Amino acid sequence: MAGFLRGREARSNARMTVEAPGRAFAELAEAVNAQLDAAQQERLDGQRRQQEFQRDLASLSHDIRTPLMGAKGYLRLAQDEGDEAGRDRRLAAAEARLDDMGALLDQLFAYAQANDPDLALDLVPVAVLPALADVLVGQFPAFERRGWEPRVDFEDEALSVDADAEALARIFENLVANALRHGSGPLAVGQRGACVTFANEVPDPAALDPERLFERFYRADDARSAAGSGLGLAVSASLAAAMGMRLSARLEGNVLVVELGLPEGCAVPR
């Protein structure tokens, strides 16, 4: 048995077998094999995480390079532009591209914060409907541009939950922004029991994978060049988990439904 362990290749699939009589040797071999299996699984998980990191790094590089190159292009055009009004348009376009890059970096910072193991949240009773209303009011210009009027239907308008007020607001902001950016129909927000749902139509449900919606940098296949970092929902999922909540998504026909599950027993009357 000692010779087997000394001579075994680190990446080998070989497992220990014994022919010695007695249950003790067999149990020892089983314990050794269990440790070998655990070590192999840890190695495979590490390889998977490394591959995911490399993939995400490539996505991040693309997402930063695109607005940066766009800004540089508009600046070059502005330098060659003889008309003052035309130059102002080029400069404004360059500034918009830089704003896009700034928004991406802000989301990266928010994602890093949300996944910090030392993240400190101040959990206090927070009224859910007023927190949502503040976010919807703040997005009023965006709703007006789309010609949408959000529908809100709360079973318990006095519902409150133990949460960090800023984190809950960030979750609501990201869910509403996602609906505005990628939806094709008005947003409906509903609450039943310990669940708050955000639902609206999407233009191409076949392009969406609800199970991957909360992965970092995930975007539908046809949205590679669309606005958005692919981090907003990942930030929301991390913040929700840190507060004992859970985000999930599903498709009902051409309607995407994102559900925020409040902690069991946490929802109480205000």
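Me: Just after helix 7, which residue takes a positive phi?
Reply: This is a predicted model. Helix 7 covers residues 232-242. Just after helix 7 comes the residue in question, with a phi of about 80°. That residue is Gly244.

Me: How many of the residues in helix 7 are buried?
Reply: Helix 7 is mostly covered. The buried set includes Gly232, Leu233, Ala234 and Val235. Ser236, Ser238, Leu239 and Ala240 are also buried in helix 7. The count is eight of eleven residues.

Me: Which side chain makes a polar contact with the side chain of Ser236?
Reply: Ser236 is one of the buried residues of helix 7. Its partner lies in helix 6, residues 165-182. The two side chains are 3.2 Å apart, and the partner is Asn174.

Me: Is Asn174 buried or exposed?
Reply: Buried means under 20% relative accessible area. Asn174 has 10% relative accessibility, so Asn174 counts as buried.

Me: How far apart in space are Ala177 and Leu233, C-alpha to C-alpha?
Reply: Ala177 lies in helix 6. Leu233 belongs to helix 7 and is buried there. Ala177 counts as buried too, because its relative accessibility is 19%. The two residues are 56 apart in sequence, and their C-alpha separation in space is 9.8 Å.

Me: In what sense do strand 6 and strand 7 pair?
Reply: Strand 6 holds residues 246-252, and strand 7 holds residues 255-261. Seven bridges join the two strands. One bridge runs between Glu252 and Val255. The sense of the pairing is antiparallel.

Me: Which residue in the turn of the hairpin has a positive phi?
Reply: Strand 6 and strand 7 form the hairpin. Two residues sit between the strands. One of them has a phi of about 70°, and that residue is Gly253.

Me: With which residue does Arg250 form a salt bridge?
Reply: Arg250 is partly exposed, with a relative accessible area of 35%. Its partner is also partly exposed, at 21%. The closest N and O atoms are 3.7 Å apart. A salt bridge needs such atoms within 4 Å, so the pair qualifies. The partner is Glu259.

Me: How many residues apart are Asp153 and Arg192 in the chain?
Reply: The side chains of Asp153 and Arg192 meet in a salt bridge of 2.7 Å, N to O. Asp153 is in strand 2 (residues 151-154), while Arg192 is in strand 4 (residues 188-192). The pair links distant parts of the chain, and the separation is 39 residues.

Me: Are Asp153 and Arg192 buried, partly exposed or exposed?
Reply: Partly exposed covers the range between the buried limit of 20% and the exposed limit of 50%. Asp153 has 42% relative accessibility, so Asp153 falls in that range. Arg192 has a relative accessible area of 45%. Both residues are therefore partly exposed.

Me: Which residue forms a salt bridge with Asp37?
Reply: Asp37 is in helix 2, residues 23-80. Asp37 counts as partly exposed, at 41%. The partner lies in the loop between helix 1 and helix 2, 22 residues apart from Asp37. That partner is partly exposed as well, at 23%. The closest N and O atoms are 2.6 Å apart, and the partner is Arg15.

Me: How many salt bridges does the count come to?
Reply: Among them are Asp37 with Arg15, Asp153 with Arg192 and Arg250 with Glu259. Salt bridges that share partners also join Arg23, Glu27 and Glu30 into one network. The count comes to eight.

Me: Which residues make the nonpolar surface patch of about 260 Å²?
Reply: One member lies in the segment before helix 1 (2-7). That member, Met1, counts as partly exposed, at 36% relative accessibility. A patch takes residues with over 30% relative accessible area, so Met1 passes that cut-off. The patch is made by Met1, Phe25 and Leu28.

Me: What share of the residues in the chain is buried?
Reply: The secondary structure comes to seven helices and eight strands. The accessible surface is about 15900 Å², of which 51% belongs to carbon and sulfur atoms. Of the 270 residues, the buried share is 35%.

Me: Among contacts between residues at least 6 apart in sequence, what percentage joins residues at least 24 apart?
Reply: A contact here means heavy atoms within 4.5 Å. For pairs at least 24 apart in sequence, the figure is 65%.

Technical notes: Residues are numbered from 1 along each chain as its sequence is written. Side-chain values use heavy atoms; hydrogens and water are left out. Patches are made of residues with over 30% relative accessible area and no salt bridge: like charges are joined within 9 Å, nonpolar side chains (Val, Leu, Ile, Met, Phe, Trp, Tyr) within 5 Å. Accessible areas come from the Shrake-Rupley method with a 1.4 Å probe; for residues, only the protein chains shown count as cover. Helices (H or I, at least four residues) and strands (E, at least two) are DSSP runs, numbered from the N terminus. Buried means under 20% relative accessible area, exposed over 50%, partly exposed in between (1.4 Å probe, protein chains only). Two strands pair if DSSP finds at least two bridges between them. A polar contact is a pair of N or O atoms within 3.5 Å; within protein, one must be able to donate a hydrogen and the other to accept it, and residues adjacent in sequence count only if both atoms are side-chain atoms.
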